[in-house]
Amino acid sequence: MTERTLIKDLAAASDGPISVSGWVETVRDQKKVQFVVLRDESGAVQLVHPRNFNEDKTPADDPIADIISGLAQGTFLTATGELKHDERVKLGGVEIKLDALTIAAEAIPETPIAEDSSGDKRMDWRFLDLRVPKNALVFKIQTTFLHALRTYWVEHDFIEIHTPKLMASASESKAELFEVDYFEGKAYLAQSPQFFKQMAQPAGFGKIFEVGPAFRADPSFTSRHATEFTSVDTEFSWIDSHEDVMKLHEELLVAGFQAVKDKHGDEIKALWDVEITVPTVPFPRVPLAEAKRIVAERGYEVPRADDDMDPEGERQIAAWAQDTYGHEFVFLTDYASSIRPFYHMRHEGDSSVTNSYDLIFNGVEISTGAQREHRIDVLIEQAKEKGLDPEELDFYLDFFRYGVPPHGGFGMGLSRVLMLMLHLPNIREATYLFRGPTRLLP
């Protein structure tokens, strides 16, 4: 493997011979001296080359100058030269006086996107778009955030699983379901790992987590929807109610936000003017019925025929939580059983309400969690009430016929969290390669 120094490490390096590799960001080809800004995954540095002249001040043979004059933005190369610390250099206080340039791959001079390109155009050329430090930083933040969650899980004895994404039947509902040919039959792309993460409970795993893809055949063109997304899921046994799930959920988010603030907070502030706030616990909790009353008092009536909250209602209750508690998060709890899946446990003594919640972050729903119904007889009856045929759910119901502890969990959209954390305009900016109703490329 090629030995190279990352640009971010140059400030701590001693003056002297150095080699760096990256791509050309800008070239200033002046008469007496040439400058190249070279960027790698960690930062940018200025390369400098004084042109060679004969004694009569005519240009001398100068291979490096010839190379620089022909460089196009995006060309990948290795630069070797003398590192010099100089506080007058605005870019990091260091520069490299060139001894040699080795071209790894030349770029076409005309780039297809610019700073003012439309979002769709940028997504067409996403690999170029991600060379922009601000856009690339999103995924460094994502790495830090997920690492913090994973550290929490592992330190608390959770087991990581990877569930199938090809399913014989729907995991949530038959709506929003991608159907694919599967040899002589049909299969479906998993809408969530719900059934399989629950299977880990009668298997005796106790506590599990998964970070993986999920698919929804939803033709929405909103700023927060995607047809393929990364779902952050956890499920664990021996809970008393959905309150235990909410407690775990908020502890995970505190760990994730603290890690992001510690590692990237200053850069986020500089690039987006966003102050990362580590949420305090407990997060505000509001039963859905009460949330609707609060929203109505703020002058907004939720115009839905069912018992659910709508996006504007979520924004209104988030504004209320911010005004009342100074908090970016709020749990909406105790959703009506009429709008929840059959496997959500219902309140003891009031079957019209479930032990479930949605988590709202900066006005947008990022997660649904619940205590699951683990009693097989109750589960079958609730499935029938939803118009489902228990025989079609036999493989799932088998999980409960041989003993299963009380359990619960949640699923959370990773890109939504990042979008809202960084105040990005849409979920495409927080997704490496976005998939929507009209986008399958690149």
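1. Two strands are said to pair if DSSP finds at least two bridges between them. Strand 12 and strand 13 meet this requirement, because three bridges join them. The two strands run parallel, and within this pairing Pro287 has Thr333 of strand 13 as its bridge partner. The structure under discussion is a predicted model, and the points below should be read accordingly.

2. Overall layout. The protein contains eleven helices and 18 strands. Of its 442 residues, 49% count as buried. The C-alpha trace spans about 100 × 55 × 40 Å along its principal axes. Two domains are assigned, namely domain 1 (7–105) and domain 2 (126–430); their centres, taken over C-alpha atoms, are separated by 48 Å. Among the contacts with a separation of 6 or more, 64% are between residues 24 or more positions apart.

3. The open sheet. Eight strands form an open sheet of mixed pairing, in the order 6-10-11-18-17-16-13-12. At its edges are strand 6 (159–160) and strand 12 (285–287), each of which pairs on one side only. Helix 8 (residues 311–325) packs on this sheet and touches strand 12, strand 13 (329–333), strand 16 and strand 17. The direction of helix 8 makes about 125 degrees with that of strand 13. As background for the student, strands of a sheet pair through backbone hydrogen bonds, either parallel or antiparallel.

4. Strand 13 within the sheet. Which way do the residues of strand 13 point? Phe329, Phe331 and Thr333 point one way, whereas Val330 and Leu332 point the other way, and all are buried. Because five of the five residues of strand 13 are buried, the strand is largely enclosed by the rest of the structure. Strand 13 also pairs with strand 16, in the antiparallel sense and over five bridges. In that pairing, the bridge partner of Leu332 is Asp358 of strand 16.

5. Strands 16 and 17. Strand 16 (residues 356–361) pairs with strand 17 over six bridges, again in the antiparallel sense. One pair of bridge partners consists of Leu359 and Ser367, the latter in strand 17.

6. A first annotated site. The UniProt annotation "binding site", from an unreviewed entry, covers Glu172, Arg216, Thr368 and Arg372. Two of these positions, Thr368 and Arg216, are considered in turn. Thr368 is placed in strand 17 (residues 364–371). Is Thr368 buried, partly exposed or exposed? Thr368 counts as partly exposed, because its relative accessibility is 28%, and partly exposed residues fall between the cut-offs of 20% and 50%. The side chain of Thr368 makes a polar contact of 2.7 Å with the side chain of Asp358. Asp358 is also the bridge partner of Leu332, so that the strand 16 residue takes part in both descriptions. Leaving out residues up to four places away in sequence, Thr368 touches Arg340, His344, Tyr357, Asp358, Gly409, Phe410 and Gly411.7. Arg216 in the same annotation. Arg216 lies in the loop between strand 10 (207–215) and strand 11 (228–237). With a relative accessibility of 24%, Arg216 counts as partly exposed. The side chain of Arg216 reaches the backbone oxygen of Gln191 at 3.2 Å.

8. A second annotated site. UniProt, in an unreviewed entry, also places the feature "binding site" at Glu365, Gly413, Leu414, Ser415 and Arg416. These positions are spread over 52 residues of sequence, yet they cluster in space, with a largest C-alpha distance of 12.0 Å. Ser415 lies in helix 11 (residues 414–421), as does Arg416. Ser415 counts as buried because its relative accessibility is 8%, and Arg416 is buried with a relative accessible area of 14%. Apart from neighbours within four places in sequence, Ser415 is in contact with Ile427, Ala430 and Thr431. On the same basis, the contacts of Arg416 are Arg224, His225, Val364, Glu365, Ile366 and Ile427. Glu365 is itself one of the annotated positions.

9. His49. In strand 3 (residues 43–50) lies His49, which counts as buried at 6% relative accessibility. Which side chain forms a polar contact with that of His49? The partner is Asp62, at 2.9 Å. Beyond its neighbours within four places in sequence, His49 is in contact with Val33, Gln34, Asp62, Ile64, Ala65, Ile68 and Leu98.

Technical notes:
Residues numbered from 1 in each chain as written. Predicted model: local features only at pLDDT ≥ 70, side-chain atom pairs only at ≥ 80, totals over all residues. Heavy atoms only, no water. UniProt positions renumbered as here; feature names shortened; annotations may be inferred. Helix = DSSP H or I, 4+ residues; strand = E, 2+ residues; numbered from the N terminus. Buried < 20%, exposed > 50% of the residue type's maximum accessible area, 1.4 Å probe, protein only. Polar contact = N/O pair within 3.5 Å; in protein donor to acceptor, adjacent residues only side chain to side chain. Contact = heavy atoms within 4.5 Å. Axes fitted to C-alpha atoms, helices over the stretch in contact; angles between N-to-C directions. Domains from an automatic or database assignment.
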